[in-house]
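Please find below some notes on the model, set out as numbered points. They take up burial, a helix, a pocket and a few backbone details in turn.

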Amino acid sequence: MNYAAIKTHDIANGPGVRVSLFVSGCTHHCPGCFNREAWDFQYGQPYTQETEDQIIQALTPWYITGLSLLGGEPFEPANQAAILPLLRRIKRELPDKTIWAYSGYTLESDLLTGHLGDWEVTKELLSYIDVLVDGEFIQAQKDITLRFRGSSNQRVLDLPKTLASDSVVWWSEL
């Protein structure tokens with residue numbers, strides 16, 4: 001996997017000050033996408049153990065709330081296996097940090113179907129995510145007043161509550 005960027009002090013992609021990892025590779029190709037260069041799976045730099053260590057180090061300060069995964073597309077099958085060890089490590093070493101993930105895929109029709117690569121990897125990734133912002137960006141529904149999303153079709157889901165209840169539970173702080 002390659003990554004497009006790491007922002008160590010991001011305040012736009014979740015609450016508080018966060019570390020954001022922008023992975024490379026996306027097959028959605030949403031018109032109006034803010035990060036078109038990250039559609040290319042070869043864009044950016046290779047994601048390595050040193051990259052993971054850098055992210056963990058950046059997450060360590062008390063004032064960092066957590067990690068946000070963006071893209072590109074974190075749930076592309078080609079990206080999932082590389083992201084999984086990072087999320088495991090965060091939950092083990094920094095359990096108070098929250099994990100947000102942004103995906104053009106929707107939870108029910110895409111992520112929970114088992115059709116995106118290795119289902120066991122997808123399922124484990126989902127188990128570590130606190131908030132999922134799902135749905136493709138739709139330019140005709142763009143709304144700059146929305147918090148933590150770009151278009152009104154996108155949802156900000158409390159993922160643990162959603163998975164436990166088998167019904168969609170929106171993140172309560174919107």
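1. Relative accessible area, computed with a 1.4 Å probe on protein chains only, sorts residues into buried (under 20%), exposed (over 50%) and partly exposed (in between). Lys 123 has 38% relative accessibility and therefore counts as partly exposed; Lys 123 belongs to helix H4, where helices are DSSP runs of H or I with at least four residues, strands are runs of E with at least two, and both are numbered from the N terminus. Its C-alpha lies 9.9 Å from that of Thr 113, a residue ten positions away in sequence.

2. The model is a predicted one, in which local features need pLDDT of at least 70 and side-chain atom pairs count only at pLDDT 80 or more, while totals for chains, interfaces and linings use all residues. Residues are numbered from 1 along each chain as its sequence is written, and side-chain values use heavy atoms, with hydrogens and water left out.

3. In H4, which spans residues 119-128, the residues Val 121, Thr 122, Leu 125, Leu 126 and Tyr 128 are buried. They lie on the same side of H4 because they cover an arc of only 160 degrees around the axis, the arc being taken from the directions from the helix axis to the C-beta atoms. Their cover includes helix H2 (77-93), strand E5 (98-103), helix H3 (107-111) and helix H5 (159-165), with contact meaning heavy atoms within 4.5 Å. At the start of H4, the backbone nitrogen of Glu 120 has a side-chain oxygen of Asp 118 within 3.0 Å.

4. The largest pocket (an open set of points on a 1 Å grid over the protein atoms alone, with protein on both sides within 12 Å along at least five of seven lines, and lining residues having an atom within 4 Å of a point) holds about 760 Å³ of space, a volume being the space filled by probe spheres set on the points. Its lining has 36 residues, and Phe 34, Leu 70, Tyr 102, Phe 137 and Gln 154 lie nearest the centre. Strand E1 (2-10) and E5 are the elements that give two or more residues to this lining, and E1 gives the largest share, three residues.

5. The backbone holds a cis peptide bond from Gly 71 to Gly 72, with omega near 15 degrees, and Gly 72 sits in the loop between strand E4 (64-70) and H2.

6. Phe 148, although not a glycine, has a positive phi of about 65 degrees; at 11% relative accessibility, Phe 148 counts as buried.

Notes:
A polar contact is a pair of N or O atoms within 3.5 Å; within protein, one must be able to donate a hydrogen and the other to accept it, and residues adjacent in sequence count only if both atoms are side-chain atoms. On a 1 Å grid over the protein atoms alone, a cavity is a set of points where a 1.4 Å probe fits but cannot get out, and a pocket is an open set with protein on both sides within 12 Å along at least five of seven lines; lining residues have an atom within 4 Å of a point.
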